[in-house]
Amino acid sequence: MAAETYRLDGRVILITGAGRGLGESYARHLAGLGAQVIVNDLGAGMADGERSPLPARRVAEAIRAAGGRASDDMSDIADPREAEALVERIVEVHGRIDALVNNAGNFLPPAPFAETALADFERTWRIHLGGTYNLCRAALPHMGTQGFGRIVNTVSTQGLYGGVGTAAYASAKAAVQGLTASLAAEHRGSDVRINAISPGAFTRMVDAGDRPAAFTEALKRNLPADLVAPAVAWLCHPACAENGALIQAMSGWFSRTIIGDLDGFWDFAPSIDSVARGLAALPATGPVRAADSSAAHAQSIIARAEAARAHSQEKKIS
């Protein structure tokens with residue numbers, strides 16, 4: 001199928017944090033493919049400043065001026081009541097909600113873990129994880145009723161690989177990945193599909209970092225948000241069969257990140273010595289064995305353990 005045939009005409013898509021940066025790029029791109037987009041943004045600063053309707057309104061007006069369909073909204077998606085009311089309004093006005101892109105988030109200045117208060121963690125979790133939870137909880141019943149839905153949650157390499165001074169943000173994003181995988185497993189077999197995007201773009205969040213000027217300029221050249229938007233559009237498309245995928249999109253590079261097991265070893269009479277020796281002998285890289293869910297992962301290990309035990313018994317008898 002040619003790229004230009006992938007359209008989103010008539011689809012109703014809610015995008016959070018769409019007043020600037022990545023969210024704005026998503027909104028413009030999806031509207032350009034024919035979608036009716038709801039541009040949600042509090043209009044606050046990176047660390048939750050005062051609300052303003054202007055960012056969301058500006059993006060929606062620009063989309064309409066270009067011939068697209070868009071409305072603006074400044075609900076606080078971290079508030080369960082506001083998130084639910086937002087989804088209900090969308091369904092009341094448009095009759096459905098086809099896709100949800102959970103992009104909104106805040107970002108506190110990097111700080112050592114010892115200097116990061118619980119309040120900082122809770123403040124970060126409330127928006128990244130709480131906002132994603134609130135909207136998934138509100139939208140999924142409607143998607144189930146209509147027999148179709150696409151949800152794209154935003155994760156980060158910080159949550160996958162960690163980062164110095166970003167424990168609050170990284171832990172929130174790691175939690176979003178766990179939520180995404182669980183919801184995908186729960187809806188497997190239906191046409192409601194839940195995936196994650198790990199985007200790389202030069203946004204306010206990236207610009208806030210302290211780094212050499214030359215590297216900052218390289219980031220600006222290589223991380224335009226518009227390079228990410230087509231991946232989000234695909235994950236929103238009816239033809240997309242992905243479910244539970246974690247897609248990375250950065251600098252024009254796209255990949256699937258798989259969480260799985262490297263080769264291991266069996267030891268049915270382990271000791272601290274045998275575990276230390278066994279782990280030291282294992283390769284640090286190599287083929288990864290993935291699983292559809294934690295239950296599938298456990299079932300695979302138990303099945304292989306049974307086979308390994310049987311083989312061990314056969315060797316003893318022979």
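In this predicted model, eight strands line up in an open sheet, in the order β3-β2-β1-β4-β5-β6-β7-β8, and the pairing is mixed. Strands β3 (69-73) and β8 (253-256) sit at the edges, each with a pairing partner on one side only. Going from one strand to the next, the twist averages 20°. Strands of a sheet pair through backbone hydrogen bonds, and they can do this in either a parallel or an antiparallel way.

A good place to look at the pairing is strand β4 (residues 99-102). On one side, three bridges tie β4 to strand β1 (residues 12-16), and the two run parallel. Here Leu14 is found opposite Leu100 of β4. There is also a parallel pairing between β4 and strand β5 (residues 149-154), this time over four bridges. Leu100 turns up again in that pairing, standing opposite Ile151 of β5. To get from β4 to β5, the chain passes through helix α4 (residues 118-146), and the resulting β-α-β crossover is right-handed.

What about the side chains of β4? In a regular strand, side chains alternate between the two faces of the sheet. In β4, Ala99 and Val101 point one way while Leu100 and Asn102 point the other way, and all of them are buried.

Further along the sheet, strand β6 (residues 192-200) and strand β7 (residues 246-250) run parallel and are joined by five bridges. Ser198 stands opposite Gln248 of β7 in this pair. Just after that comes a residue with a slightly unusual backbone. Most residues other than glycine have a negative phi. Ser251, however, has a phi near 60°, a positive value in a residue that is not glycine. Ser251 belongs to the loop between β7 and β8. With a relative accessible area of 38%, Ser251 counts as partly exposed.

Back in β1, Val12 gives a close-up of one residue and its surroundings. Val12 is part of strand β1, and because its relative accessibility is 5%, Val12 counts as buried. Leaving aside residues up to four places away in sequence, Val12 touches Gln36, Ile38, Ile90, His94, Arg96, Ile97, Asp98 and Ala99. By contrast, 45 Å separates the C-alpha atom of Val12 from that of Ala284, a residue 272 places away along the chain.

The helices come next. Helix α2 (residues 54-65) lies across β2 (36-40) and β3, and the angle between α2 and β3 is about 170°. Two packed helices are described by the angle between their axes and the distance between the axes. Take helix α3 (residues 80-94) and α4: their axes come within 8 Å and cross at roughly 30°. That angle makes α3 roughly parallel to α4. The crossing of α3 and α4 is right-handed. On the α3 side, the residues in contact are Pro80, Ala83, Glu84, Leu86, Val87, Glu88 and Val91, and they meet Asn134, Leu135, Ala138, Ala139 and His142 of α4.

A second pair is made by helix α1 (residues 21-32) and α9, with axes that come within 9 Å and cross at roughly 60°. These two helices are therefore oblique to each other, and their crossing is right-handed. Ser25, Tyr26, His29 and Leu30 are the α1 residues involved, and they meet Ala229, Pro230, Val232, Ala233 and Cys236 of α9.

How many residues of helix α9 are buried? Six of the eight residues in α9 (residues 229-236) are buried, so the helix is largely enclosed by the rest of the structure. The buried ones are Ala229, Ala231, Val232, Ala233, Leu235 and Cys236. Among them, Ala229, Val232, Ala233 and Cys236 also appear in the contacts with α1.

Zooming out to the whole chain, the secondary structure comes to 11 helices and 10 strands. The C-alpha trace spans about 80 × 45 × 40 Å along its principal axes. Of the 318 residues in the chain, 42% are buried. As for contacts with a separation of 6 or more, 71% of them are between residues 24 or more positions apart.

Definitions and conventions:
Residues are numbered from 1 along each chain as its sequence is written. This is a predicted model: local features need pLDDT of at least 70, side-chain atom pairs count only at pLDDT 80 or more; totals for chains, interfaces and linings use all residues. Side-chain values use heavy atoms; hydrogens and water are left out. Buried means under 20% relative accessible area, exposed over 50%, partly exposed in between (1.4 Å probe, protein chains only). Two strands pair if DSSP finds at least two bridges between them. A crossover is right-handed if, with the strands pointing away from the viewer, the path from the first strand over the helix to the second runs clockwise. Axes are lines fitted to C-alpha atoms, for helices over the stretch in contact, and angles run from 0 to 180 degrees between N-to-C directions. Angles under 35 degrees count as roughly parallel, over 145 as roughly antiparallel, 65 to 115 as roughly perpendicular and the rest as oblique. A crossing is left-handed if the near helix is turned anticlockwise from the far one by less than a right angle, and right-handed if clockwise. Contact means heavy atoms within 4.5 Å.
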